Amino acid sequence: MSELRPLTAADKDFVKNLMAKMTLAEKVGQLHMPSRINAVADHEMIANGMVGATLYASGATAGNERDQGVRREAVDSVQRVAMSSRHGIPLLVGRDVIHGHRTVFPIPTGQAAALDEELVYDQARRAALEAVAEGINWTFAPMLDLVDDARWGRVAESYGESPLVLSRLGTAAVRGFQSVGCLTACGKHYVGYGLARGGRDYAAAEIGQTSLRNMHLRPFKAAVDAGVGTIMAAFCAVDGLPMHANRHLIRDVLKGEWGFEGAVVADWDGIGELVHHGLASDLREAAKLAINAGVDIDMVTGAYLTHLVELVESGEVPVELVDEACARVLGLKVRLGLFDPENPALPGNADSLPGIEQTHHLDRDLARRGAYGAFVELKNDGVLPLIRHSGEASKGGGPEGIPNPGEGGVVKPGLVVLTGPYVNEQDALLGTWTLDGDPAEVTQIGKALKERIPTAIVDDGRFSDLTILRAREAETVIAVVGEHAARSGEDRSLATIDLPVGQLEYLQALSRVANKLVVVVFAGRPLNLAPVLPLANALIWAYHPGIEAGPALVDILLGDATASGRLPMTFAHTTGALPISHMEHRTGRPTLEAPLGAGRYQDVPSLPLVPFGTGHTDLVYGPLSVVSQTEDGVRVQLSVTNTANNTVREPVLLFYRDPVSAISRPIRELVDFQLATVAPGATELVTFALPTSAFGYYDYSVDYRVDNGEIELTAGWPRPDATSVTVTV
Ligand code: GLC
């Protein structure tokens, strides 16, 4: 369970007694959540108990707009007014603390690449500490949307295409955020937002019941089971019904079937948008639809404050619905300890927060550790690391180590030229949804490299002719390119996922003259690397890695660290091949190219350009073997041997395929992963213990089932030495 304490019977009695003293208007006030309230301008509304929560956000697409930030004194001032109201009920104070607060960690998809639950927990906990220090007691994270279309800008905020990765890392984030006890996380966006049609943000999502249950709902169920305090409704319509009016999925499934006891919050003006969806003729109708659906808190619209009292008094909305929503909000505030005068998130108590002293400086060590996992090695012909552990420059060139001079160029052995738009960049390295990180605190890549290789030439590429001259003489050219953080995140969908204009031509020019070319691509989403991979001797993929991006990259280039990430999303050959996933369903017409189906094109390969799970490995796998198989579950194991000269901590991935089932199932699905720590030259046993339910699924009647029969398990895909075994459940 999360460290945010569960709701107890005593808590429920407290809430019941408090509500017995509240007027209908005051109960509705607890459901009202305006943005950026002010202790002076909004004094009357707050003091009269007409506000239950507020958020500090710059607007409807806050993720890429820097606002004036959050300051403790401003938050304390509004809390003091709220606590002076008739019942003295403190506010929920929300902020998008998505991947760090002052210490900015990799964007969530970069954290997913590390496949490290402990690291996700630690980063979330640190972010929560820094946020509570400024009076924030609610973050709108983790995002649990399953994504398989890189055109959607918000893939940057997701843990990717695997329901298992989303569930396990999402749970780790919930527990990490809620571990300080006085801040609640928010599982978002419930549900299906990641399937916006065509990757177009806010577009409708068409999701059948089996995919909804077997893929998209799973991470949210995991977050609820982990004790997440709030869930945010999605902007999109699912199979025609906008989520803010989706009574079945909110009341019947989330609150009913799963027993979620927290509060459901609308997304920004999500209730008001029911009018745009065409479901409501006006805000009064929208308020009625949303409260009936089970949306407890009205973010920004004001429809509840304006219409709910009258809707109840006219008999159109049962008062019980308002009571239920208010009880959930107050129950959450009790769980957060907001009725405890010593609560660290309340005015004057900041110093009482355990660990507050740690927030007096940035946690660069944790940020550096997190950054390594956001780098994924997609190609390396031996050019990396540049400096072997012996300290001498790598010979580069072919296996014989003799550098091949560029076209007529005179290669200066050991000379490194670093070039590209990212060499001196700071802000873009932080990634989208970085509201409180300070770009000035980001160490530039060029500066970090010069500290380690003083002879390196750092060239930002503004003058391509000069860059080409320099590149011609270098033993190794490192080009750092990619998309700016502002090109991913909310309302940043793209119809083509190529590199930004001009960058491919730039790399083509460099590849024609460079002795060796290392390409580093920074991005918030998979891009079209098909024309890029052939140009490079090595390609390091980087999900905007946060405040320590520069030093982490240099550590990797010089061999002091490993690009330890694995792709959380599949890379397609071109935009037109999207959406794509490792979980493509089988089809009725297998091909030689795609023996398990998944469909095909005539103009590009039908298999991924770079599969899910790809990344650097130092481990050699032994054969997967069955340890036991009973009706309760199976245990399989394999040996892994470390070929590196240093201890490695690497994810070992296990996939399964159910060859005969009641619905068409994925050609493969990640069913478990674990991090193996192996000393240099050592061999360790990795054992996977899976309950039979791990192979369960919802069939077309939406009945949950586990088929008896054979299951094929594979460790190590997509590596060439992947190893499989068949078990019977
Ligand atoms: C935005 C986003 C949501 C965010 C909220 C508050 O529109 O959809 O993820 O938490 O509004 O900023």
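**Domains and an enclosed ligand**

Biologist: How far apart are the centres of domain 2 and domain 3?

Modeller: Taken over C-alpha atoms, the centres of domain 2 and domain 3 are separated by 35 Å. This is a predicted model, in which local features need pLDDT of at least 70 and side-chain atom pairs count only at pLDDT 80 or more, while totals for chains, interfaces and linings use all residues. Residues are numbered from 1 along each chain as its sequence is written, and side-chain values use heavy atoms, with hydrogens and water left out.

Biologist: Where do the domains run along the chain?

Modeller: Domain 1 covers 9–358, domain 2 covers 379–566 and domain 3 covers 619–728, with bounds from an automatic or database domain assignment.

Biologist: Switching to the ligand, where does it sit?

Modeller: The ligand sits in the largest cavity, meaning that more than half of its atoms lie within 2 Å of the cavity's grid points. A cavity is a set of points on a 1 Å grid over the protein atoms alone where a 1.4 Å probe fits but cannot get out.

Biologist: And how much space is in that largest cavity?

Modeller: About 140 Å³, counted as the space filled by probe spheres set on the points, which are joined across faces, edges and corners. Among its 17 lining residues (an atom within 4 Å of a point), the closest to the centre include Asp 96, Asp 267 and Trp 268.

Biologist: Which side chains have a polar atom by a ligand oxygen?

Modeller: Asp 96 places a polar side-chain atom 2.6 Å from a ligand oxygen, Lys 188 has one at 2.7 Å, and for His 189 the distance from a side-chain N or O atom is also 2.7 Å.

Biologist: How much of the ligand does the protein bury?

Modeller: Taken alone the ligand exposes 310 Å², and the protein buries 100% of that, with areas from the Shrake-Rupley method and a 1.4 Å probe.

Technical notes. On a 1 Å grid over the protein atoms alone, a cavity is a set of points where a 1.4 Å probe fits but cannot get out, and a pocket is an open set with protein on both sides within 12 Å along at least five of seven lines; lining residues have an atom within 4 Å of a point. A polar contact is a pair of N or O atoms within 3.5 Å; within protein, one must be able to donate a hydrogen and the other to accept it, and residues adjacent in sequence count only if both atoms are side-chain atoms.
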